[in-house]
Amino acid sequence: MAGNPSGFNPDRILAHKFPETTSTYTERDVALYALGIGACGREAVDADELKYVYNENGQEYIEVLPTFAALFIHKTMGTGLNLPGLSYDPKLLLHGQQYIELYKPLPSRGYLDNKISLAGLHDKGKAAILEIETKSYDKRSGQLLCMNRTTLFLRGAGGFSSSSHPYSYTNYPKNQGSAGKIPKTQPFMVFEDCTRPSQALVYRLSGDYNPLHSDPIVAKIAGFSKPILHGLCTLGFAVRAVIKCVCKGDSSKVKCISGKFLLHVYPGEILVTEMWLEGSRVLYQTKVKERNRAVLSGYVDLHHVASSL
Ligand SMILES: CCCCCCCCCCCCC/C=C/C(=O)SCCNC(=O)CCNC(=O)[C@H](O)C(C)(C)COP(=O)(O)OP(=O)(O)OC[C@H]1O[C@@H](n2cnc3c(N)ncnc32)[C@H](O)[C@@H]1OP(=O)(O)O
């Protein structure tokens, strides 16, 4: 397919070969991330969560929350999303969805190789959707630790193909990462948590320095009354709720995570996560209490579910 006047050229985007990147992190990064997604935010010595921020009871290594895996894509992003053939306004970029598969527990210090590829590209008319896959390998053992699929919603960048046959490319199974239908029944568990007014300012220190989350002027240009919370921070809150309520604090039960960002969250708002159990899948929906609006929905697949639940 040829390009178009806006400079958006799907063939060039698809042909792009992403360079491999490396990520390194220490226990300090792991603890800072956990604080950034609200761990121990309600109680400093939270029995389920102290292990993510402190070597509790002399434990040798602090534990890594499974959503930490989503940070490895920041090395992919670098200072911006600059692909040949991709024309968009970075100020209008929103995080649309995140899908994470975990194959091994994440070590508390890491040195990783990331292999990146394009997993999808879609023309939605008012927006273009780009899906980037990142596979992260332990540099020493060569073992695959996790896979992330990041969906970016590029407002204003659509309309690069015919509206009667909009461009759509996907290279992974259709059902993988779909949001999951939220049941109409009463949730099995509900967990309420407060984000802090400074939540995005703390979360950004884990590597996403997009000014949309810190700069009032940039936030206004992007269409928000003030800086908004990072989607991955909201996802971190929701998956922590699942680990607390369904996994009884055992994060090693988490196998796979899917989340679709439905609406922005302002730092300081209260998040209410509702959960439904369907076999070993936890369907969840997170709402902002103040506005009674759903902001995130998806599922967490577990290795096994305690028989007492
Ligand atoms: C160089 C290498 C690059 C690598 C890249 C990796 C980078 C990784 C970095 C990740 C971080 C990126 C930066 C982070 C930014 C943020 O965190 S932003 C904050 C979090 N996100 C949000 O707050 C967004 C919340 N959601 C919304 O506001 C809305 O859902 C929306 C996205 C604006 C869409 O709403 P709307 O315009 O009303 O869309 P619709 O009319 O309902 O639907 C149009 C089509 O789009 C599909 N769609 C809708 N929502 C989403 C979504 N969230 N994700 C994906 N697709 C979506 C929808 O299905 C429609 O399609 P069709 O059904 O086919 O018509």
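This passage walks through the ligand site of a predicted model, and then turns to an annotated region and the salt bridges.

The ligand makes a natural starting point. Around the ligand stand 29 residues, and those that come nearest are L81, K124, K126, G231 and F261. Sorted by character, the residues of this shell comprise 16 nonpolar, nine polar and four charged. Several elements of secondary structure take part: α3 (73–77), β2 (93–102), β4 (127–138), β5 (144–155) and β8 (254–261) each contribute at least two residues to the shell. Of the elements that line the ligand, β2 gives the most, supplying five residues.

Where does the ligand lie with respect to domain 1 and domain 2? Residues of the shell come from both domain 1 (5–170) and domain 2 (189–302), so the ligand lies between them.

A look at individual atoms adds detail to this picture. K124 places a polar side-chain atom 2.6 Å from an oxygen atom of the ligand. The backbone takes part as well: for G231, a backbone N or O atom is found 2.9 Å from a ligand oxygen atom, and for L262, a polar backbone atom is 3.2 Å from an oxygen atom of the ligand. Taken alone, the ligand would expose 1,300 Å², and the protein buries 75% of that area.

Moving on to the annotation, an unreviewed UniProt entry places the feature "domain: MaoC-like" at residues 192–293. In the model, this span is 25% helix and 28% strand, and its end C-alpha atoms lie 14 Å apart.

Salt bridges complete the tour. Searching the whole structure finds 12 of them. One of these pairs K51 with E63, with the closest N and O atoms 4.0 Å apart. Both K51 and E63 lie in the loop between α2 (27–36) and α3, so the pair ties together parts that are 12 residues apart in sequence.

Definitions and conventions:
Residues numbered from 1 in each chain as written. Predicted model: local features only at pLDDT ≥ 70, side-chain atom pairs only at ≥ 80, totals over all residues. Heavy atoms only, no water. Near = heavy atom within 4 Å. Polar contact = N/O pair within 3.5 Å; in protein donor to acceptor, adjacent residues only side chain to side chain. Areas by Shrake-Rupley, 256 points an atom, 1.4 Å probe, with all protein chains shown as cover. Helix = DSSP H or I, 4+ residues; strand = E, 2+ residues; numbered from the N terminus. Nonpolar A, V, L, I, M, F, W, Y, C, P; charged D, E, K, R; others polar. Domains from an automatic or database assignment. UniProt positions renumbered as here; feature names shortened; annotations may be inferred. Salt bridge = Lys/Arg side-chain N within 4 Å of Asp/Glu carboxyl O.
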